[in-house]
Amino acid sequence: MIPAILSEPYLVIGEGPADTESISHLAMARNIAGYQVGYPELPVAAHGRTGFGDLLAALATDSDLRNVRAIAIAYDNDSNPDGAFHHVQQSIRGSQSGYSVPAAPLEAGPAVNNVPAIVALPIPWVNEIGCLESLILPAVTEKWPEVRRLADGLIAATRPNDLGTCKGDKAILAALVACVCRDPTCSVRSMWSRREFRDLLGHTCFDRVAEFLRDLPAML
Amino acid sequence: MQSVVEVHPNCKGDDYLMIQSLTVENFRCFEHVELSDLKRINVVVGQNASGKTALLESIFFAGGGHSQLALRMRAWRLLPDVQITTANPETFEEVWRDLFFNFDQSRTIAISLRGTPQNTRTFRIFYDAKTEHVVPVGQKLEEVATLTPLSFEYSDSEGHRSLTKAEINERGLVLPGPTPFFMNVSMYVAGIKANPKEAAERFSALSKKNQERHLVETLTRIFPFIDDLSVQTSAGESMVFASVSTLPEKVPVSLISEGVYRLLSVLVGIASTKNGAVMIDELENGFYHEKLPEIWKLLLEFAEEYKTQLFVSTHSLEALKHAGPTIKGNESKFALLRTERTNGNSSVRYFSGHQFLKAIEQKVDVR
């Protein structure tokens, strides 16, 4: 799902709508202009990092891509930051569309062959295990510390061994959001549209990603 | 339409393509375009006036080996008929003006088609100042003007060359006849119905070789109300007629529907342009959208069977979307060509079948 018209110079593609909505709202909250967001289309199996190659191949055919200077690929490190980055590199090559492959996270390759530069943006950050929820949790925890303590207790009591860092963070955030949001079914995708959460985007836990977005033009 | 059956000796492999690459210089909106790695089906997209039809015309004109095709293309473009009854150099140049990039007739049009050695041709159109001569303009002997004939030069990969000239004399326009440098090409133009007589002749030629059954079975499968096809005479002209179960007598296919007739014409064209290339301008014209997935499938099926290469232009996002199921698994047989116009000069961008398919799946508008 990419914008019908690519009019801005920078495009962030994420694994799914939760990533792109979070980054889009973060850019708005921090007054960072020039960004649009998108993520790989269905089928569902193509969601996550596996869809990046397909989306990059498709984007190469978009006549509006000439307006785009750089594409940032926001991906979850999960439990293996090196492996996740390697997978992103493979996806860029697999697109068979002439993009230059960045050598390291946060490093921009050159714009070549009529396609823009690509930068890999690991979530929560370089060499840190986790995912989007891991990035968000500190902000929610600071605002609702007691609810966080209770959520930790609930997860520890019910699923003590079967959740790693990522799934654990997803479970805790889901529990927290369910407890503090007027809509208990609110998803990460839609939480930034709700008053309860909007101010969280000013939290320092988002500073590094915000700085990356602000500094990307100078990196190219 | 133009079609001449010519079977080349080097076209036996499954991957045979008449045109693997091409270069177009100074033709219509193209100053210089190079395309390589062309495929069995090359889908041409682009905004209005970006050069989609001109790209198809360049292949048709260069492949057809006949200067008179320029006049046919004028008619397709709805330009007035050429009526030169006296030797007027200005009117003569007007006839060819639109063929040249920026209408600049000091340039040389050059179109090169490269495939097997037999299918490698260069076609050049130019005014050769050395051939300038005096022609009478009016009735009086003293009314004369200088005229430079327009040269049409074909050459092949082995250095064979054919040079013909279009000019005017006291009776009007004089066009050279066909050259031996023809290739097997056909073109179907948007908004202009294929000639029923030509469709009948092609159908009849297939029928004589007992090769019409596949076509008949295909048409009756797509349009179940048709039982059979045959060539009949109507008012002295041969036409393809259909047997329709609900009608008491056979009817010309062109009477049934535009879509049925267009599909028949295109499929007959592909079948009778064996080992050649067929250009189809604005594929979507006349077809109900639900038929489009099947039509893409048929185009590939017929193109593969007859080793015919297709250049298909479309404006329709729906037509492109419906190509997806046919491209899937056949990515190596498709290419997407997008014509783009910047500052009065058109260019063509090439995308692989893989990128084309992913664009459809990811709902990217490639046009």
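This is a short tour of a predicted model, stop by stop, with something to select at each one.

**Stop 1: where the two chains touch**

Begin with both chains on screen and colour them separately. At their meeting place, 14 residues of chain A are in contact with 15 residues of chain B. Look at the chain A side of this contact: its residues divide into 7 nonpolar, 4 polar and 3 charged.

**Stop 2: a helix pair in chain A**

Stay with chain A and select residues 145-158, which are helix H5, together with residues 165-180, which are helix H6. How do the two helices of chain A cross? Their axes come within 9 Å, at an angle of roughly 130 degrees, and that angle makes H5(A) oblique to H6(A). The crossing is right-handed.

Now show the side chains where they meet. From H5(A), pick Val147(A), Arg148(A), Ala151(A), Asp152(A), Leu154(A) and Ile155(A). Facing them in H6(A) you will find Gly168(A), Ala171(A), Ile172(A), Ala175(A), Leu176(A), Cys179(A) and Val180(A). Sorted by class, this contact has 10 nonpolar, 1 polar and 2 charged residues.

**Stop 3: the sheet of chain B**

Move to chain B and switch to a cartoon view. Here 7 strands form an open, antiparallel sheet, and you can trace them in the order S2-S1-S4-S5-S8-S9-S10. Which strands stand at the edges? They are S2 (30-35) and S10 (172-174) of chain B; each has a single partner strand, so one side of each is left without a neighbour in the sheet. Going from one strand to the next, the twist averages 10 degrees.

Next, zoom in on residues 109-114, strand S4 of chain B, and residues 121-127, strand S5 of chain B. These two run antiparallel and are joined by 5 bridges. For one position to look at, select Ser112(B), which stands opposite Thr122(B) in S5(B).

Then add residues 52-64 of chain B, helix H1, which packs on the sheet. This helix touches S1 (21-27), S2, S4 and S5 of chain B, and its direction makes about 80 degrees with that of S4(B).

**Stop 4: the two domains of chain B**

Zoom out and colour chain B by domain. Domain 1 takes in 1-184 + 275-367, and domain 2 covers 195-272. Their centres, taken over C-alpha atoms, are separated by 27 Å. The contact takes 17 residues from domain 1 of chain B and 14 residues from domain 2 of chain B.

Which elements give two or more residues to the domain 1 side? Select strand S15 (277-280) and helix H8 of chain B. H8(B) gives the most, with 6 residues. Over the whole domain 1 side, the residues divide into 11 nonpolar, 4 polar and 2 charged.

**Stop 5: H8 and its neighbour H9**

Keep H8(B), residues 292-306, selected and add H9(B), residues 317-327. The axes of these helices come within 8 Å and cross at roughly 55 degrees, which makes H8(B) oblique to H9(B). This crossing is right-handed.

To see the contact itself, show Leu292(B), Pro293(B), Trp296(B), Lys297(B) and Leu300(B) of H8(B). Their counterparts in H9(B) are Glu318(B), Ala319(B), His322(B), Ala323(B), Pro325(B) and Thr326(B). Colour the contact of H8(B) with H9(B) by class, and you will see 7 nonpolar, 2 polar and 2 charged residues.

Methods:
Residues are numbered from 1 along each chain as its sequence is written. Chains are lettered from A and ligands numbered from 1 in the order in which they are written. This is a predicted model: local features need pLDDT of at least 70, side-chain atom pairs count only at pLDDT 80 or more; totals for chains, interfaces and linings use all residues. Axes are lines fitted to C-alpha atoms, for helices over the stretch in contact, and angles run from 0 to 180 degrees between N-to-C directions. Helices (H or I, at least four residues) and strands (E, at least two) are DSSP runs, numbered from the N terminus. Angles under 35 degrees count as roughly parallel, over 145 as roughly antiparallel, 65 to 115 as roughly perpendicular and the rest as oblique. A crossing is left-handed if the near helix is turned anticlockwise from the far one by less than a right angle, and right-handed if clockwise. Two residues are in contact if their C-beta atoms, placed from the backbone, lie within 7 Å. Ala, Val, Leu, Ile, Met, Phe, Trp, Tyr, Cys and Pro count as nonpolar, Asp, Glu, Lys and Arg as charged, and the others, Gly among them, as polar. Domain bounds come from an automatic or database domain assignment. Two strands pair if DSSP finds at least two bridges between them.
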